[in-house]
Every structure is written in C-alpha cells, then in structure tokens.
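Here are my notes on this entry, set out as numbered points. Please read them with the structure open.

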Amino acid sequence: MPKRMAVVDYSRCQPRECDHGMCLAVPKCRNRVLTQEQAYEMPDLNPAMCVGCGVCARACPFEAIRLM
C-alpha cells in the first residue's frame with residue numbers, strides 16, 4: 001500500500017480568511033511539509049517530506065488539505 005500524503009486543494013484554500021493571512025496548518029506541521037513565504041499567499045507543500053500524519057488536514061478550517 002502506498003504511503004499517504006497531504007495534498008492541497010487550492011480552490012478551497014483561503015489564506016485571506018486565516019489568522020492575519022497566515023495559513024493555520026503551516027505551524028501545525030512538525031515536519032515543515034507546508035511553508036508560506038508571506039502572509040496572504042497560498043502555502044507550498046513538499047510531498048517528499050510528508051509522513052501522512054494528517055495534522056495539517058485537521059488544522060485547516062476550509063478542508064483544503066486532505067490525505068491521499
């Protein structure tokens with residue numbers, strides 16, 4: 001069975017609605033899979049570093065992150 005990993009659905013991602021434009025899932029990821037260069041920008045995802053824990057998916061209030 002393939003390893004599960006996080007994916008971002010950018011059509012659901014709304015950084016303008018998060019805490020001062022900062023993605024709420026970024027600081028929750030212990031492996032720094034998600035990064036955000038500046039406030040109000042979409043977060044970037046490095047799938048090679050993802051361990052599939054789902055912490056980021058649970059932290060996103062817009063359900064823009066899911067495990068696949």
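1. A cut-off first. A residue is called buried under 20% relative accessible area, exposed over 50%, and partly exposed in between. Glu 41, with a relative accessible area of 33%, is therefore partly exposed. Keep in mind throughout that this is a predicted model.

2. Glu 41, continued. Glu 41 sits in the loop between E2 and strand E3 (44-45). Neighbours within four places in sequence aside, Glu 41 is in contact with Pro 15 and Gln 36. Ala 57 is 16 residues from Glu 41 along the chain, and their C-alpha atoms are separated by 18 Å.

3. Overall architecture. The protein has 1 helix and 4 strands. Read from the N terminus, the order is β-β-β-α-β. The radius of gyration is 11 Å, close to the 11 Å that the globule rule gives for 68 residues, so the protein is as compact as a globular protein of that length. Along the principal axes, the C-alpha trace spans about 40 × 20 × 15 Å.

4. Burial and surface. What share of the 68 residues of the protein counts as buried? The figure is 32%. The protein exposes about 4700 Å², and carbon and sulfur atoms supply 52% of that area.

5. Contacts and charge. Take the contacts between residues at least 6 apart in sequence: 57% of them join residues at least 24 apart. The protein has 9 positive and 7 negative charges. The mean positions of the two sets are 11 Å apart.

6. The core. Which residues touch the most other members of the largest nonpolar core? They are Ala 6, Ala 25, Leu 34, Cys 56 and Ile 65, out of 15 residues in that core. Strand E1 (6-8) and helix H1 (55-59) each supply at least two residues of this core.

7. Cys 56. This residue deserves its own look. Leaving aside neighbours within four places in sequence, Cys 56 is in contact with Ala 6, Ala 25, Leu 34 and Ile 65. Those four partners are also listed, with Cys 56, among the core residues that touch the most other members.

8. Val 33. Is Val 33 buried or exposed? At 6% relative accessibility, Val 33 counts as buried. Val 33 lies in the loop between E1 and E2. Beyond neighbours within four places in sequence, Val 33 is in contact with Asp 44, Leu 45, Asn 46, Met 49 and Cys 50. For the first pair, Val 33 and Asp 44, the C-alpha atoms are separated by 8.1 Å, with their positions 11 residues apart along the chain.

9. Met 22. The loop between E1 and strand E2 (34-35) also holds Met 22. Its relative accessibility is 36%, so Met 22 counts as partly exposed. Setting aside neighbours within four places in sequence, Met 22 is in contact with Pro 15, Gln 36, Gln 38 and Ala 39. Pro 15 and Gln 36 are contacts of Glu 41 too. Met 22 and Asp 9 are 13 residues apart in sequence; C-alpha to C-alpha, the distance is 17 Å.

10. Gln 14. Here is another residue of the loop between E1 and E2. Gln 14 has a relative accessible area of 35% and is partly exposed. From Gln 14 to Asn 46 the separation is 32 residues in sequence and 19 Å in space, C-alpha to C-alpha. Asn 46 is one of the contacts of Val 33.

11. Backbone check, His 20. His 20 is not a glycine, yet has a positive phi of about 55°. The residue is in the loop between E1 and E2. With a relative accessible area of 64%, His 20 is exposed.

12. Backbone check, Glu 63. Where is Glu 63 placed? Glu 63 is in the loop between H1 and strand E4 (65-67). Glu 63 has a positive phi of about 55°, although it is not a glycine. At 57% relative accessibility, Glu 63 counts as exposed.

Key. Residues are numbered from 1 along each chain as its sequence is written. This is a predicted model: local features need pLDDT of at least 70, side-chain atom pairs count only at pLDDT 80 or more; totals for chains, interfaces and linings use all residues. Side-chain values use heavy atoms; hydrogens and water are left out. The radius of gyration is taken over C-alpha atoms; the globule rule is 2.2 Å times the number of residues to the power 0.38. Buried means under 20% relative accessible area, exposed over 50%, partly exposed in between (1.4 Å probe, protein chains only). Contact means heavy atoms within 4.5 Å. Accessible areas come from the Shrake-Rupley method with a 1.4 Å probe; for residues, only the protein chains shown count as cover. Lys and Arg count as positive and Asp and Glu as negative; His and the chain ends are not counted. The place of a charge is taken as NZ of Lys, CZ of Arg, CG of Asp or CD of Glu. A nonpolar core is a set of buried Ala, Val, Leu, Ile, Met, Phe, Trp, Tyr and Cys residues joined through side-chain atoms within 4.5 Å.
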